[in-house]
Amino acid sequence: MSEPAPHLVISAVSKRFGAATVLDRVDLTIRRGELVTLLGPSGCGKTTLLRAIAGLSPPDTGTIALAGRDVTHVPPHRRNVGVVFQSYALFPHLTVAGNVAFGLKVRGAPKAEIDRAVQRALALVKLGHLGGRRISALSGGQQQRVALARAIAVEPDVLLFDEALSALDRKLREEMQIELRRLLQDVKATAIFVTHDQDEALTMSDRVAVMNKGRIEQLAAPRELYARPASLFALNFVGLSTRIAGQVVGGQDGMVDVVTPVGRLSARGAFQLGASVIVATRPEQLRLGADHEANSASGRVRSVVFQGSRTLVDVDAGAGASLLAELSGREAEVPRVHDEVRFAWPAAETFAFAAEASP
Amino acid sequence: MTDAVLSAPVATPAPDRERLAAFGFVAPSLLITALVFVLPLALLLGVSVLDPKGGGTSAHYARLLGTPYYLGVIWNSLRLGLLTTLIAFLISYPAAFALARARGPLRSILLATLFLPLAASVIVKAFAWTILLRSDGLINTVLIAAGIIEDPIRMIFTQTALIVGAVNIFLPFMVLPIYAVVAQLDSRYAEAAATLGASPLVVFFRVILPLTLPGIVAGVALVFSLSVSAYVVPTLLIGEKYPTLATTIAKAYLLAREPGFGAAAGVVLLAIAIIVVALSALLSREPK
Ligand SMILES: Nc1ncnc2c1ncn2[C@@H]1O[C@H](COP(=O)(O)OP(=O)(O)OP(=O)(O)O)[C@@H](O)[C@H]1O
Ligand SMILES: [Mg+2]
C-alpha cells in the first residue's frame, strides 16, 4: 500500500501578536484520513495554529495548503474546513436541524439534498430524533454532537476541534473520545484536535504534535511519543517519569555514561564529556531488585499509591533524587512505606536530555 | 412558604403551590398596575364613548376617523413615529457595534455621550434645538459669518427640524437596547458561520441580524411609542402646522374643553402604539 499524499501542508507558519511570537515557523504535514492532535500547555499557540488553518486569523508568514490548494490567504468561507468550537457556537435562533443544515443552505444546495444530508449527519451522531429541538433544550453532550453534525454535514476537507470535549464531564468525555474516533474513521475524515489533556491526545489520534512556545517539539504516534520522547518537554508533558540530573563522563554508540547522585547510569543520547544532562525513564520500566546488566538505584519508599490495575511507588533516593516505579497488579511483592528498596531498569529505556532545556 | 418549599420532595414538584408562590411575588406590582394603569385606561375608554347628556356615543371616533383633517393628524403622528424610528435605527445599529468594539477611554466617552443626554429634560433638549435652528440661531449665524450663505436658511418649524430633533432626542432609547444585545454577542457565531461557507453578507443576514433582533425590537418599540406620542418635540420644533394626536389631545383638554374627544384621540394613539409594540414582540419570538 502506498503512502497517501499529503492533504494539509503547513510550511514555516509564523504569527506574532504585538511583541509576542505565538507561532514560530511551524511545519506540519497531515495525510488524508489522519487524526492528529496538537498537544501543549496553555498559551503555546494551539488555538492560534487552528485558527490559521481555518482562515479565521491568517499567519504573518508561511503557507498553508489544503487538498492541493494554497489557502494561506483564502477567507474561511471559501476553504471548506469544519470547526467544532469549545463553546460549540451553535446558532441559538435555529433548531438542531437548522444548525446542521446551515452550511449546505448557504452553499445553495437543493432542499432535498439538504434534508438528506441533515438526516445522515444527525443519524451519525445519534440525534436523528431531535432535529426539531431548540438548542437551549439540549444537554451539553447533545450540543457537542450537534456541533459535530453541523461540521460534518458539509463534508469538509479537514475537521478542526478546539478543546471540543473539554466542557463535558469526565465520564462522558472518555466515552465521546472513543466514539468520536470511531465516527471520524468511519467517515474517513481528516481531523486535528487541540487539547492540553494528554489522555485525550493518546486516545484520539494517529499522531500527536507536542507544542511548546509556538513550536512543534515532536510529531509522533502516541506509542512512540511515550516510549521515545524527543525532548525533556515532551517527556514531561506526556506520562510520568523518573528524572535524575547528572554529568556525562563517557559514552559510545549513541549511549552515554552519566554520574548522578544515585550512582553511575547508562542512557541513550549523544553528549560531550562533562555535559549536564537529565537522565529519565518511564515508571513501568522499573523492577524491584538488583540487576548488574541494567541501571539501578536504591532508596527509602516515600509513598505507595494503589490505582487498581497498577501501584505507583515513590522512592526517596537521597540527594534530592527520587524514583517513580509502576508495579502492575500481577506483581507478587509490593513494598511498603519506609521500606529500603532497590530498583533496576534497562539502559535501553533510559534517556538523556540536555539539562538547560528544563522547563 | 419557605418551609413548604424546602420540605417538598425534589422529585415531585408541586406545580399549584409554585404557581401560587409566583403569584404572591407579582401581586404587589399587579395591584399597582391595576391602580395607576388599568383604572385610568378604563376611565379614558369610558369617557371617550359616553355622552355627557346620557347614553353612549361613537361621535368622537367618527369625527377622528371620518374627517380628512383628523385622518391627516393621525397620519402626522404615524409619520413622526415611523420616520423617527427608522432613522434612529439606521444610525443606532452600526453605532451599537462601534460602541461594543470600542475599548478603553473611547468606550467610556461614547457611553457617556449616550447616557448624559438622558439626564436632561426633553423640553431642554427640544429648546436647545430651537436655539440652533432659529433664523438668528447658531447655525445660521455661523454660516452667514463664514460667508457661505447671505440670507438665513429656514430650518426651524420645518419637518426636517422636527425629525432631526426627534431622532436626536430619542436616539439613546434605540442605541442602548441594541448595544446591550450586541455587547453580549459571541464572535464565535460569526466565525462558525464563516467556516460553514457563509460570506460576510450572508453571515450578517442569517446570523448577526437574527441574533440582535431582540435588541432591535426593544429599541423600535421604545422609540416608536415615545415618538408617536411626542408632545414637546413637535410643539417646539414645528408647531401649529404639524398637528399630531398628542397636540390634538392637549388642545381638546386645555383649549376646547372636549374631554370626550381628547379621550378618544388618546385611545387611538394608544391603539397605534400597542399594535406596533405587539407586532415587534411577535417578530422577536424564539423558534419552536
Ligand atoms: N488576538 C490575540 N491578541 C493578542 N494575543 C493573543 C491573541 N490570541 C492569542 N494571543 C496570545 O497568543 C498566545 C497563544 O494563544 P493560543 O490561544 O493559541 O494558546 P492555546 O495554546 O490555545 O492555549 P489554551 O490551551 O489556553 O487555549 C497566548 O499567549 C495568547 O495570550
Ligand atoms: Mg486554546
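1. Exposed here means over 50% relative accessible area, and buried means under 20%. This is a predicted model. With that cut-off, Leu35(B) is exposed, because its relative accessible area is 54%.

2. Leu35(B) belongs to helix α2 of chain B, which covers residues 15–49. Leu35(B) is also one of the residues in a nonpolar surface patch of about 730 Å². The other members of that patch are Leu31(B), Ile32(B), Val36(B), Phe37(B), Val38(B) and Leu39(B).

3. Now turn to helix α2 of chain A, residues 96–106. Nine of its eleven residues are buried, so this helix is largely enclosed by the rest of the structure. The buried residues are Val96(A), Gly98(A), Asn99(A), Val100(A), Ala101(A), Phe102(A), Gly103(A), Leu104(A) and Val106(A).

4. What do the buried residues of α2(A) pack against? In chain A, they pack against α3 (111–124) and α4 (140–153). In chain B, they pack against α9 (187–195) and α10 (200–228). Gly108(A) follows α2(A) and has a positive phi, near 75°.

5. Chain A has an open sheet of six strands, in the order β6-β7-β8-β3-β9-β10, with mixed pairing. The edges are β6 (81–84) and β10 (215–220) of chain A. Each has a single partner strand, so one side of each is left without a neighbour in the sheet. On average, neighbouring strands of this sheet are turned by 20° against each other, direction ignored.

6. Look at one edge of that sheet. Strand β9 of chain A (residues 207–212) runs antiparallel to β10(A), and five bridges join them. One pairing to find is Met211(A), whose bridge partner in β10(A) is Ile216(A).

7. Which helix lies across β3, β6, β7, β8 and β9 of chain A? Helix α1 of chain A, residues 46–54, does so. It runs at about 150° to β7(A). Among the strands it crosses are β3 (35–39), β7 (158–162) and β8 (191–195) of chain A.

8. A second open sheet in chain A has five strands. Their order is β15-β19-β16-β17-β18, and the pairing is antiparallel. The edge strands are β15 (287–288) and β18 (321–328) of chain A, each pairing on one side only.

9. Within this five-stranded sheet, β16 (residues 295–306) and β19 (residues 340–345) of chain A run antiparallel. Six bridges join them. Ser298(A) stands opposite Arg342(A) in β19(A). In general, strands of a sheet pair through backbone hydrogen bonds, either parallel or antiparallel.

Terms used. Residues are numbered from 1 along each chain as its sequence is written. Chains are lettered from A and ligands numbered from 1 in the order in which they are written. This is a predicted model: local features need pLDDT of at least 70, side-chain atom pairs count only at pLDDT 80 or more; totals for chains, interfaces and linings use all residues. Side-chain values use heavy atoms; hydrogens and water are left out. Two strands pair if DSSP finds at least two bridges between them. Helices (H or I, at least four residues) and strands (E, at least two) are DSSP runs, numbered from the N terminus. Patches are made of residues with over 30% relative accessible area and no salt bridge: like charges are joined within 9 Å, nonpolar side chains (Val, Leu, Ile, Met, Phe, Trp, Tyr) within 5 Å. Accessible areas come from the Shrake-Rupley method with a 1.4 Å probe; for residues, only the protein chains shown count as cover. A salt bridge is a side-chain nitrogen of Lys or Arg within 4 Å of a carboxyl oxygen of Asp or Glu. Buried means under 20% relative accessible area, exposed over 50%, partly exposed in between (1.4 Å probe, protein chains only). Axes are lines fitted to C-alpha atoms, for helices over the stretch in contact, and angles run from 0 to 180 degrees between N-to-C directions. Contact means heavy atoms within 4.5 Å.
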